[in-house]
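Dear colleague,

I am passing on the structure we discussed, with its sequence. Kindly look it over before reading the notes beneath it.

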Amino acid sequence: MRLKVKIADKEEKILEITTEFIRLDSAMKLAAIAGTGGEAKMLIQDGLVKVNGEKCESRGKKLRDGDSFEFKRTVWKIKNI
C-alpha cells in the first residue's frame with residue numbers, strides 16, 4: 001500500500017516595524033511566537049527558527065526591511081513602515 005502525503009504550504013505574514021531593524025528575539029515576541037526573551041532564546045538555540053531560509057541560532061540577529069524569519073511553517077516578512 002502506498003500513501004501520498006501533501007505537505008501544507010507555508011503561511012506568510014507581515015511584521016511591520018517602525019525602526020531601522022528589529023532583533024530576532026524581539027520580532028518573535030512581537031509576532032506572539034514567544035512570550036519572553038528567554039523563551040525566544042530557547043527556540044532559537046534549539047535550531048527551530050530560520051532567517052531568510054537558513055537556520056539561525058543568534059537571538060541578536062538584526063532583521064531589516066525585506067528580511068524574513070520562519071517558525072513552524074509560518075514565515076514572517078519584515079516590512080518597515
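The notes below cover the sheet, the core, two individual residues and the salt bridges.

Please bear in mind that this is a predicted model.

**The sheet**

The sheet is open and consists of 5 strands, arranged in the order β1-β7-β6-β3-β4 with mixed pairing. At its edges lie β1 (11–17) and β4 (54–55), each of which pairs on one side only. Strand β3, residues 50–51, is joined to β4 by 2 bridges and runs antiparallel to it. Within this pairing, Val-51 has Glu-54 of β4 as its bridge partner.

**The nonpolar core**

Which residues have the most contacts inside the largest nonpolar core? They are Leu-24, Met-28, Ile-33, Leu-63 and Phe-69, in a core of 20 residues. Both helical and strand elements contribute: β1, α1 (24–30), α2 (37–45), β6 (68–71) and β7 (74–80) each provide at least two of the core residues.

Leu-24 deserves a separate look. When residues up to four places away in sequence are not counted, Leu-24 touches Ile-44, Val-49, Val-51, Cys-56, Ser-58, Arg-59, Lys-61, Leu-63 and Phe-69. Two of these, Leu-63 and Phe-69, are named above among the residues with the most contacts inside the core.

**Ser-68 and Gly-60**

Ser-68 belongs to strand β6. Is Ser-68 buried or exposed? Its relative accessibility is 16%, and because the cut-off for buried is under 20%, Ser-68 counts as buried. Apart from neighbours within four places in sequence, Ser-68 is in contact with Lys-50, Val-51 and Asn-52, and also with Val-75, Trp-76 and Lys-77.

Gly-60 sits in the loop between β4 and β5 (62–64). With a relative accessible area of 30%, Gly-60 is partly exposed. The C-alpha atom of Gly-60 is 9.3 Å from that of Lys-41, a residue 19 positions apart from it along the chain.

**The salt bridges**

How many salt bridges does the structure hold? There are 6, and three of them are described here.

One salt bridge joins the side chains of Lys-10 and Glu-70, with an N to O distance of 3.1 Å. This pair links distant parts of the chain, since Lys-10 is in the segment before β1 and Glu-70 is in strand β6, 60 residues apart. The partners differ in their surroundings: Lys-10 is partly exposed at 40% relative accessibility, whereas Glu-70 is buried at 13%.

Another is formed by Lys-13 and Glu-11, whose closest N and O atoms are 3.9 Å apart. Here Lys-13 is partly exposed at 36% relative accessibility, and Glu-11 is partly exposed at 43%.

A further salt bridge brings together the side chains of Arg-59 and Asp-25 at 3.2 Å, N to O. Arg-59 lies in the loop between β4 and β5 and Asp-25 in helix α1, so this pair ties together parts that are 34 residues apart in sequence. Arg-59 is partly exposed at 30% relative accessibility, while Asp-25 is buried, with a relative accessible area of 3%. Through salt bridges that share partners, Arg-23, Asp-25 and Arg-59 are joined into one network. Arg-59 therefore appears twice in these notes, as a member of this network and as one of the residues that Leu-24 touches.

With kind regards

Technical notes:
Residues are numbered from 1 along each chain as its sequence is written. This is a predicted model: local features need pLDDT of at least 70, side-chain atom pairs count only at pLDDT 80 or more; totals for chains, interfaces and linings use all residues. Side-chain values use heavy atoms; hydrogens and water are left out. Two strands pair if DSSP finds at least two bridges between them. Helices (H or I, at least four residues) and strands (E, at least two) are DSSP runs, numbered from the N terminus. Buried means under 20% relative accessible area, exposed over 50%, partly exposed in between (1.4 Å probe, protein chains only). A nonpolar core is a set of buried Ala, Val, Leu, Ile, Met, Phe, Trp, Tyr and Cys residues joined through side-chain atoms within 4.5 Å. Contact means heavy atoms within 4.5 Å. A salt bridge is a side-chain nitrogen of Lys or Arg within 4 Å of a carboxyl oxygen of Asp or Glu.
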